[in-house]
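Got the model open in your viewer? Grab your selection tool and follow along, one stop at a time.

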Amino acid sequence: MPSFNRQPSSGPSTPSPPHSPLRSPRYRRSKTGRSFPGQPPGPKTPAQRIAWLFISVIVRRQGIFLFAPLIYITCMLMYMGTVSIEDVQKVKQHKPAPGSVYRSPQLYEKLRPEMDADNSSADAISTIWKKSYKGGIWKPCVKKSTQGLADSNGYIYIEANGGLNQQRTSICNAVAVAGYLNATLLIPNFHFHSIWRDPSKFSDIYDEEFFIEALKHDVRVVDQIPQYLMERFDHNMTNVYNFKIKAWSSIQYYKDHVLPKLLEEKVIRISPFANRLSFDAPPAVQRLRCLANYEALRFASPILTLGENLVAKMKALSANNSGRYISVHLRFEEDMVAFSCCVYDGGKEEKQDMDIAREKGWKGKFTKRGRVIRPGAIRINGKCPLTPLEVGLMLRGMGFDKSTSIYLASGKIYNSEKNMAPLFEMFPLLQTKEMLASAEELDPYRNYSSRMAAIDYTVCLHSEVFVTTQGGNFPHFLMGHRRYLYGGHSQTIRPDKRKLALLFDNPGIGWRSFKRNMLNMRAHSDSKGFEMKRPADSIYSFPCPDCMCLVNKTEVTKS
């Protein structure tokens, strides 16, 4: 259907063919400069022409809006093309996220005058634990069997891998599995690891005779397999059938799959064995775990004697606090800092040291193609190891003054001369095993990381306050062991490291505000001292209620 002209006609009223559509506003004027009939006069100046062109396109070509997104994107790309990557990075680096940067040294310098002048803290170490369990008092109640053992179904040999306390997990779980399957447990073998590099055997760390004796009515434990059985395997344990068991397998799996093979072969091997038994297990299994960890495992006499001597020295040095001292598990060794991928204040030298340490300990793990490491995000999430300076600031904020004795459980601190100086300034009575023991006393243990850790474990176990700074098996076992010894309360400070990251990166905070936050954190640790084990929790961290019984306070008073 033919269209009609929108402009009024100046001719006769009869219909006439419409004018051809005009292609552009500039053709609206005739060659003589006159306008078409009924049209307004055209633009005269360049500005008017541009405005007229713009309005005409909008009015007469409404389809242009279909291309608006494309025009917008084109303009944005043209604009972004003028900004370099360096400019974008500068904008990002201009204001880093709170808690993402290590500024603790600057905060220490700012707070130090007020901190040293603060005399408001009094006897903090003797008043720190105020929380008591409302229902009564928790006491150890691991029951030992008094009945004889049935004939053994065979021998189980396990290889315990990892460090001291990961090996401890394997030992206790092996006792539980062997007891449940009515098997005889061969003294566990410790797997040599490239990180810990400790060739110690079971008897080098634990009292083997005491271990066997403590379990004799519940689980058979032997130090060797009879020769007539080993002849079948050419006296070589590598020829014994090896079970590859998935992590966190249930005890029912062992009954359904391991026991039939044990009955058939009479000797089986499980390697590796770390974390191969679920934490959620029936009472019979949990009882054996409790018995192994809290009653049967005792450090070898030389380690135990040295550890107890160091405890006595710490108590003597803490006479002004009635023999009470704080133990701190500090993880700021070079390999720990390297593995965390966190950035501190060491500059290029620190980066070079960490790159070398990562490549040496974990070849290629941190340089895989596509792997992105964000140190700032790691720090915000509370995953960075606390420095000695940060630990000192935290403890001073919690009310512990210069007269407090501290035992530091740690390996070799990274760049120790620089990093340890602020901690010694804040706590001049700080001690380590190297400072308390003579060179002759420590020489037998220096090249054995697990034995050195066992000494630290003993001194930390008997402290009034234990402070964990990074997590891992060492503090988790200690918290459980302390609960077992101290009425169900862990007596452990577990700092909120996400909150600490924000506080340490706050240049505007004052001493009073900082101290208030630290005291709240200390009180929170006290409130979390009593915790019951949940199904997925480790019995080695939460012995209540599987390894301990709740006793009425009146009954305790009478007894």
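A word on labels before we click: helices (H or I, at least four residues) and strands (E, at least two) are DSSP runs, numbered from the N terminus. You're looking at a predicted model, where local features need pLDDT of at least 70, side-chain atom pairs count only at pLDDT 80 or more, and totals for chains, interfaces and linings use all residues. Residues are numbered from 1 along each chain as its sequence is written, and side-chain values use heavy atoms, with hydrogens and water left out.

**Stop 1: two cis prolines**

Select Pro272, in the loop between β7 (267–270) and α11 (283–296). Its peptide bond with Ser271 is cis, with omega about -5°. Next, jump to Pro545, in the loop between α23 (511–527) and β13 (548–551). The bond from Cys544 to Pro545 is cis as well, with omega near 5°.

**Stop 2: helix α6 and what follows**

Now select residues 164–180, which make up helix α6. From first C-alpha to last, its 17 residues reach 25 Å, close to the expected 24 Å (that expectation is 1.5 Å times one less than the number of residues). How much of α6 is buried? Here buried means under 20% relative accessible area, exposed means over 50% and partly exposed is in between, using a 1.4 Å probe and protein chains only. The count is 14 of the 17 residues, so α6 is largely enclosed by the rest of the structure.

Step just past the helix to Asn182, in the loop between α6 and β3 (184–186). Asn182 has a positive phi of about 55° although it is not a glycine. With a relative accessible area of 22%, Asn182 is partly exposed.

For another positive phi in a residue other than glycine, pick His235, near 55°. His235 sits in the loop between α9 (227–230) and β6 (242–243), and at 47% relative accessibility it counts as partly exposed.

**Stop 3: aromatic rings**

Switch on the side chains of Phe, Tyr and Trp. Rings (for Trp, the six-membered one) pair if their centres lie within 6.5 Å; planes under 30 degrees apart count as stacked, over 60 as edge-to-face and the rest as tilted. A search of the whole structure turns up 20 aromatic pairs.

Start with Phe332 and Tyr344: the ring centres are 5.1 Å apart and the planes at 85°, so this pair is edge-to-face. Phe332 is in the loop between β8 (326–329) and α13 (334–340), while Tyr344 is in the loop between α13 and α14 (347–361), 12 residues apart. Both Phe332 and Tyr344 are buried.

Then select Phe339 and Trp362, with centres 5.1 Å apart and planes at 50°, so that pair is tilted. Phe339 lies in helix α13 and Trp362 in the loop between α14 and α15 (375–380), so the pair ties together parts that are 23 residues apart in sequence. Phe339 is partly exposed, at 40% relative accessible area.

For a bigger selection, take Phe190, Phe202, Tyr206, Phe211, Phe299, Tyr457 and Phe474, which ring pairs link into a cluster. Zoom in on Phe474, in helix α21 (residues 473–485); at 10% relative accessibility, Phe474 counts as buried. Add Asn165 to the view: its C-alpha is 5.9 Å from that of Phe474, although the two are 309 residues apart along the chain.

**Stop 4: charges over rings**

A charge sits over a ring if NZ of Lys or CZ of Arg is within 6 Å of the ring centre and within 35 degrees of the ring normal. Select Lys261, which lies over the face of Tyr241 at 4.5 Å from the ring centre. Then go back to Tyr344: the charged end of Arg379 sits over its ring, 4.8 Å from the centre.

**Stop 5: the largest cavity**

Keep Arg379 selected, and add Leu386, Glu390, Lys497 and Ala501: of the 13 residues that line the largest cavity, these are the closest to its centre. Helix α22 (residues 497–504) gives the most to that lining, with 4 residues. On a 1 Å grid over the protein atoms alone, a cavity is a set of points where a 1.4 Å probe fits but cannot get out, and lining residues have an atom within 4 Å of a point.

**Last stop: helix α16**

Finish on residues 388–397, helix α16, where 10 of the 10 residues are buried, so the helix is largely enclosed by the rest of the structure. Glu390 and Arg396 are among those buried residues. Just after α16, Gly399 takes a positive phi of about 105°.

Methods
On a 1 Å grid over the protein atoms alone, a cavity is a set of points where a 1.4 Å probe fits but cannot get out, and a pocket is an open set with protein on both sides within 12 Å along at least five of seven lines; lining residues have an atom within 4 Å of a point.
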